[in-house]
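Thanks, everyone; I would like to take a few minutes on one small question of packing and pairing. Please have a look at the sequence and the structure before I begin.

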Amino acid sequence: MRVYANGDGIPDIWAVAANGAVRFHPGSKTALSGSGTQVINPNTYWPTRLSIG
């Protein structure tokens, strides 16, 4: 079973910035665009994580 964060059936990307902010990038059929949406503010916890989920 595949689960997509925004429910559109296209894989999405979650990224952790150097400052610890977590950003969500919705996938598309051709490419990613823009800088994504920040979903977690910068902090010291996320840069040390290896994966989400």
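I will start with Asp12, which, at 17% relative accessibility, counts as buried, because the cut-off for that class is under 20%. I should say at once that we are looking at a predicted model, and that every value I quote is computed from it. Asp12 is placed in the segment before β1, and its side chain reaches the backbone nitrogen of Asn6 at 3.5 Å. What does Asp12 touch, if we leave aside residues up to four places away in sequence? The list consists of Tyr4, Ala5, Asn6, Phe24, His25, Pro26 and Gly27, and so Asn6 appears both there and as the residue whose backbone nitrogen the Asp12 side chain reaches.

Let me now turn to the strands themselves. Three of them form an open sheet in the order β1-β2-β3, with antiparallel pairing. β1 and β3, the latter covering residues 37–40, stand at the edges with a single partner strand each, so that one side of each is left without a neighbour in the sheet. From one strand to the next, the twist averages 35 degrees. As a general reminder, strands of a sheet pair through backbone hydrogen bonds, in either a parallel or an antiparallel arrangement.

Taking the pairings in turn, β1 and β2 run antiparallel and are joined by four bridges, and within this pairing Ile13 stands opposite His25, while Trp14 has Phe24 as its bridge partner. The hairpin of β1 and β2 has five residues between the strands, and in it Gly20 takes a positive phi near 95 degrees. On the other side, β2 and β3 pair in the antiparallel sense over three bridges, and here Phe24 stands opposite Thr37 in β3.

That brings me to the aromatic residues, where the count comes to one pair. Why is this pair classed as tilted? The rings of Trp14 and Phe24 have their planes at 50 degrees, with their centres 4.8 Å apart, and tilted is the class for planes that are neither under 30 nor over 60 degrees apart. Trp14 lies in strand β1, residues 13–16, and Phe24 in strand β2, residues 22–25, so the pair links distant parts of the chain, ten residues apart. In burial, Trp14, at 43% relative accessibility, counts as partly exposed, whereas Phe24, at 13%, counts as buried.

Finally, a word on confidence. The protein chain averages a pLDDT of 80, and 87% of the residues score at least 70. In the protein chain, confidence is lowest in β1, at a mean of 85, and highest in β3, at 89. Where pLDDT is low, the predicted coordinates should not be read in detail.

Note on methods. Residues are numbered from 1 along each chain as its sequence is written. Side-chain values use heavy atoms; hydrogens and water are left out. Rings of Phe, Tyr and Trp (its six-membered ring) pair if their centres lie within 6.5 Å; planes under 30 degrees apart count as stacked, over 60 as edge-to-face and the rest as tilted. Helices (H or I, at least four residues) and strands (E, at least two) are DSSP runs, numbered from the N terminus. Buried means under 20% relative accessible area, exposed over 50%, partly exposed in between (1.4 Å probe, protein chains only). A polar contact is a pair of N or O atoms within 3.5 Å; within protein, one must be able to donate a hydrogen and the other to accept it, and residues adjacent in sequence count only if both atoms are side-chain atoms. Contact means heavy atoms within 4.5 Å. Two strands pair if DSSP finds at least two bridges between them. Axes are lines fitted to C-alpha atoms, for helices over the stretch in contact, and angles run from 0 to 180 degrees between N-to-C directions. pLDDT is the predictor's confidence in each residue, from 0 to 100.
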